[in-house]
Amino acid sequence: MKKPLLEILKGNAPSRRPVWLMRQAGRYLPEYMEVRSQAGGFLELCYTPEFACEVTLQPLRRFDFDAAILFADILLVPQAMGCDLEFLVNEGPSLRKIRSDKDVAGLAWDISTLNKTLSPVYESVSLIRANLDAEKTLIGFCGAPWTVATYMIEGGTSTERAMSRLAAFANESWLNELIDKLVYSSVEYLSAQVRAGAEVLQIFDTWAGDLSGNLLTRYCFDPISRMRAELKIRHPDVPVIGFARGIGVSQTDFVDATGVDGVSIEWPVNTRWARDNLCPRCVVQGNLDPLSLIGGGEGMLDAARQILTDFPMNRHIFNLGHGIRKETSPEHVSDLVDFIRSHDGR
Ligand code: CP3
């Protein structure tokens, strides 16, 4: 059997509809919690290839998914650039704030400094690939420059990302320099993942919806299109999925501007609109509301049925519209995957 996820992204008809879930490895799985405590913490987990490989493969043992996604985090890149990072329990990430030309000038972006920190991640990729079944696809990933920049500017997660948006409106030179450094270092990071065995890449622009008009072009479309172009030169056969969350009908412009092979869409995007406007352009991934998996049952299945009915099997990767929540019962995930397989008749 060929790899359904890789096949569809290369433009071929897949042997079945590919399914995986964003954040499929994580806190909703008791076996993840066990390995995390063994490792001593989240970052220790990311930087220990044996542990990272183990948690990457855990969801594939339980569920009939078509892909594994590398266990790591988008914030490892700023950390490798010298921006101190901590994960505080139940509080999320905390980073040293970057808000001036001087702060940006102090960040490293040469390949050898980056790879000194990130080489365990590449080892994880090799180890996962060596342990992955032949019909499963290994996805590598990074954060998009805008989203990673917002974490560096705000110093962590923030509700409005106000400092970042103000810097964008002011066209601050340090923000533009930061975005350039992130384009460069993220391409190096993804390219090293491909050399280690990643077969598909996903670029997460979780906070793209902060931007509109010219700023959406300048800080979301342009950096991702530069990354896509450079990756195409280095690895012409490796498909790229873009996730520009929250941009709604601008998803068509996003696909046209960046040339991504797949577009991952958030759950408020209308599925029939997406079928008519996005499927002719590229493969569409999504877009079940992760909250539906907390409740499970008919509510979840009704929402899944609509997605399965609206998207043609040869242009659709079933996924959520954002990451799975930690409150989710693993049984609901099994129910969902069983339902998808029985709906498609295979
Ligand atoms: O299974 C997978 O999807 C692979 C691993 C993965 C993680 N983070 C592991 C993780 C991936 C692809 C990410 C991407 C990521 N990380 C994004 C983009 C996608 C998205 O969700 O929007 C972002 C914005 C981050 C940054 C990040 N990492 C935050 C804000 C947090 C804290 C909030 C939270 O959900 O806990 C993390 C922590 C994180 N990254 C966890 C996991 C499994 C939880 C860590 C733990 O406590 O065990």
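Here are two short exercises with worked solutions on a predicted model. Residues are numbered from 1 along each chain as its sequence is written, and side-chain values use heavy atoms, leaving out hydrogens and water. Since the model is predicted, local features need pLDDT of at least 70 and side-chain atom pairs pLDDT 80 or more, while totals for chains, interfaces and linings use all residues.

**Exercise 1.** Work out how many disulfides (cysteine sulfur pairs within 2.5 Å) the structure holds.

*Solution.* Start with Cys-46: the closest cysteine sulfur, in Cys-53, sits 14 Å away, and that's too far for a bond. Next, take Cys-142: its nearest cysteine sulfur belongs to Cys-220, 12 Å off, and Cys-142 is in no disulfide. The total for the structure is zero.

**Exercise 2.** Place strand β6 among its neighbours, and say whether its residues are buried or exposed (under 20% or over 50% relative accessible area, partly exposed in between; 1.4 Å probe, protein chains only).

*Solution.* First, get the limits: β6 covers residues 240-244, with strands being DSSP E runs of at least two residues and helices H or I runs of at least four, numbered from the N terminus.

Now check burial. Five of the five residues are buried, so β6 is largely enclosed by the rest of the structure. Val-240, Gly-242 and Ala-244 point one way, Ile-241 and Phe-243 the other.

Then look sideways. Pairing takes at least two DSSP bridges. β5 (residues 200-205) runs parallel to β6 over five bridges, and β7 (residues 262-264) is parallel to β6 with two. Gly-242 faces Ile-203 of β5 and has Val-263 as its bridge partner in β7.
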